[in-house]
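Please look over the sequence and the model below. Then read the short report that goes with them.

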Amino acid sequence: MIQKKELQKQRDALTKGDKVITAGGIYGKVKDVKETTITLEIADNVRITIDKNSVYANAVDSNSAAEAKA
C-alpha cells in the first residue's frame, strides 16, 4: 500500500519538463499536465496524450536506481 501512495504522490507532482516512463515502457518528456491526462513528447515534435495513471516512474529516479544496483 505504501508504494501505491508514493506512486500517486509522484503522479500528482508531475510538472512540465519531467522525464517519465509509462507503464508500456515509453520514455518521454512531459509537455502538459491536466487533471487526468498528460501530454508526452516521445520524439522531436511527436506528442501523445496518455492517462496520468499510466505513468510508471520518473525516468531520472529509475535510471539512478539502476545505476545504484550495478
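The report covers confidence, the sheet, its strand pairs and the core.

## Confidence

This is a predicted model. Its mean pLDDT is 84, and 81% of the residues in the chain reach 70 or more. Residues 63-70 fall below 50. Beyond near neighbours in sequence, that stretch has 0 contacts in the model. Where pLDDT is low, the predicted coordinates should not be read in detail.

## The sheet

An open sheet is built from 5 strands. Their order is β4-β3-β2-β1-β5, with antiparallel pairing. β4 (46-51) and β5 (55-58) are the edge strands. Each has a single partner strand, so one side of each is left without a neighbour in the sheet. On average, neighbouring strands are turned by 45 degrees against each other, direction ignored.

## Strand pairs

β1 (residues 19-22) and β2 (residues 27-33) run antiparallel, joined by 3 bridges. Ile-21 has Tyr-27 in β2 as its bridge partner. These two strands, β1 and β2, make a hairpin with 4 residues between them. In the turn, Gly-25 has a positive phi of about 90 degrees.

β1 also pairs with β5, again antiparallel, over 3 bridges. Here Val-20 stands opposite Asn-58. At the other edge, 6 bridges join β3 (residues 37-43) to β4. One bridge pairs Ala-43 with Val-46 in β4.

## The core

Which residues form the largest nonpolar core? There are 7: Leu-14, Val-20, Val-30, Ile-38, Leu-40, Ile-50 and Val-55. In soluble globular proteins, nonpolar side chains tend to be buried together.

Take Ile-38. Leaving aside neighbours within four places in sequence, Ile-38 has contacts that include Leu-14, Val-30, Ile-50 and Val-55. Asp-32 and Lys-52 are also among its contacts.

Technical notes: Residues numbered from 1 in each chain as written. Predicted model: local features only at pLDDT ≥ 70, side-chain atom pairs only at ≥ 80, totals over all residues. Heavy atoms only, no water. Pairing = 2+ DSSP bridges. Axes fitted to C-alpha atoms, helices over the stretch in contact; angles between N-to-C directions. pLDDT = per-residue confidence, 0-100. Contact = heavy atoms within 4.5 Å. Core = buried A, V, L, I, M, F, W, Y, C linked by side-chain atoms within 4.5 Å. Buried < 20%, exposed > 50% of the residue type's maximum accessible area, 1.4 Å probe, protein only.
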